[in-house]
Amino acid sequence: MKRSEINQIIKDALMFFESQHFFLPPWARWSPEEWETKGEECNEIRNNGLGWDLTDFGSGDFNSKGLTLFTIRNGHLEGGKKTYCEKIMLVRNEQVTPAHFHWYKTEDIINRGGGVLCMRLWHSDQNEAPTQDEIWVQMDGITKQVIPGDTIRLQVGESITFEPLLYHSFWAEEGDCIVGEVSTVNDDAKDNRFWEEAGRFPEIEEDVAPAYTLCTEYLKFQKNA
């Protein structure tokens, strides 16, 4: 992905979140130059992967297959005081996040505003392949059965719980969607199993200077940490 594209994606996400009355902490707007001035007081942000995260999953076509995320708070799988994570995501209209599961993380996914959040689910077997086994999930605290591979549609305010080893793919319909995630500790470097091979973090072509810092880039701007 080009850096100019990433800059614009984050700018658009900030505007969309605020249009939905969801506001990020001030450091969401810090430039790389501002990050260079920050010391160890910001190490929780750096060490726990907080901040901007976006990907085209190696597709080369972000609008069709991609996701924009901001991790607001998070702990660490290797221990620490925080045992939870919160993210906010921009899922664009018809933009697909490919089927994947997590070995460790349990997460609630919430439609916070905008369009309809759509998804398909499958259990996995001992070889980590998707199955047609029956699925029971919690949706806003209510136990429901869903058919593997059928489309589930969450309206604004509705939520669903994904337990570990449950494949899920999602996208938005009827407009872009602001999606919340509340979960146990998140580690995107170690806890994603994609059904089909996909890249989790993008390779970046530096065609312009970065306007924002991704959660994978803090080591570049850690002079005073």
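**Exercise 1. Place Ser-183 in the fold and state whether it is buried or exposed.**

Ser-183 belongs to strand β10; helices (H or I, at least four residues) and strands (E, at least two) are DSSP runs, numbered from the N terminus. The model is predicted: local features need pLDDT of at least 70, side-chain atom pairs count only at pLDDT 80 or more, and totals for chains, interfaces and linings use all residues. Residues are numbered from 1 along each chain as its sequence is written, and side-chain values use heavy atoms, with hydrogens and water left out.

Step 1. The relative accessibility of Ser-183 is 8%, so Ser-183 counts as buried (buried means under 20% relative accessible area, exposed over 50%, partly exposed in between; 1.4 Å probe, protein chains only).

Step 2. Not counting residues up to four places away in sequence, Ser-183 touches Thr-83, Tyr-84, Cys-85, Lys-105, Thr-106 and Glu-107. Contact means heavy atoms within 4.5 Å.

**Exercise 2. Describe the surroundings of Cys-85.**

Step 1. Cys-85 is found in strand β3, residues 84-91, and is buried at a relative accessible area of 2%.

Step 2. Leaving aside neighbours within four places in sequence, the contacts of Cys-85 include Thr-71, Arg-73, Asn-74, Glu-181 and Ser-183.

Step 3. Leu-50 is 35 residues from Cys-85 in sequence, and the C-alpha to C-alpha distance is 9.5 Å.

**Exercise 3. Classify the ring pair Trp-30 and Trp-35, then find which cluster holds both.**

Step 1. There are eleven aromatic pairs in the structure. Rings of Phe, Tyr and Trp (its six-membered ring) pair if their centres lie within 6.5 Å; planes under 30 degrees apart count as stacked, over 60 as edge-to-face and the rest as tilted.

Step 2. For Trp-30 and Trp-35 the ring centres are 5.0 Å apart and the planes are at 70 degrees, so this pair is edge-to-face.

Step 3. Trp-30 is buried at 18% relative accessible area, and Trp-35 is buried at 2%.

Step 4. One aromatic cluster is formed by Phe-17, Trp-27, Trp-30, Trp-35, Trp-52, Phe-70 and Tyr-218.

Step 5. The charged end of Lys-38 sits over the ring of Trp-30, 4.3 Å from its centre (the rule asks for NZ of Lys or CZ of Arg within 6 Å of the ring centre and within 35 degrees of the ring normal).

**Exercise 4. Determine which parts of the chain are tied together by the salt bridge of Arg-92 and Asp-12.**

Step 1. A salt bridge is a side-chain nitrogen of Lys or Arg within 4 Å of a carboxyl oxygen of Asp or Glu. By this rule the count is 14 salt bridges.

Step 2. The side chains of Arg-92 and Asp-12 meet in one, at 4.0 Å, N to O. Arg-92 lies in the loop between β3 and β4 (97-101) and Asp-12 in helix α1 (residues 3-19), so the pair ties together parts 80 residues apart in sequence.

Step 3. Arg-92 counts as buried at 17% relative accessibility, whereas Asp-12 counts as partly exposed at 30%.

**Exercise 5. List the partners of Arg-200.**

Step 1. Arg-200 forms a salt bridge with Asp-188, with the closest N and O atoms 3.1 Å apart. Arg-200 lies in the segment after β11 (193-194) and Asp-188 in the loop between β10 and β11, so the pair ties together parts twelve residues apart in sequence.

Step 2. Both Arg-200 and Asp-188 are buried.

Step 3. Arg-200 also lies over the face of Phe-201, at 4.9 Å from the ring centre.
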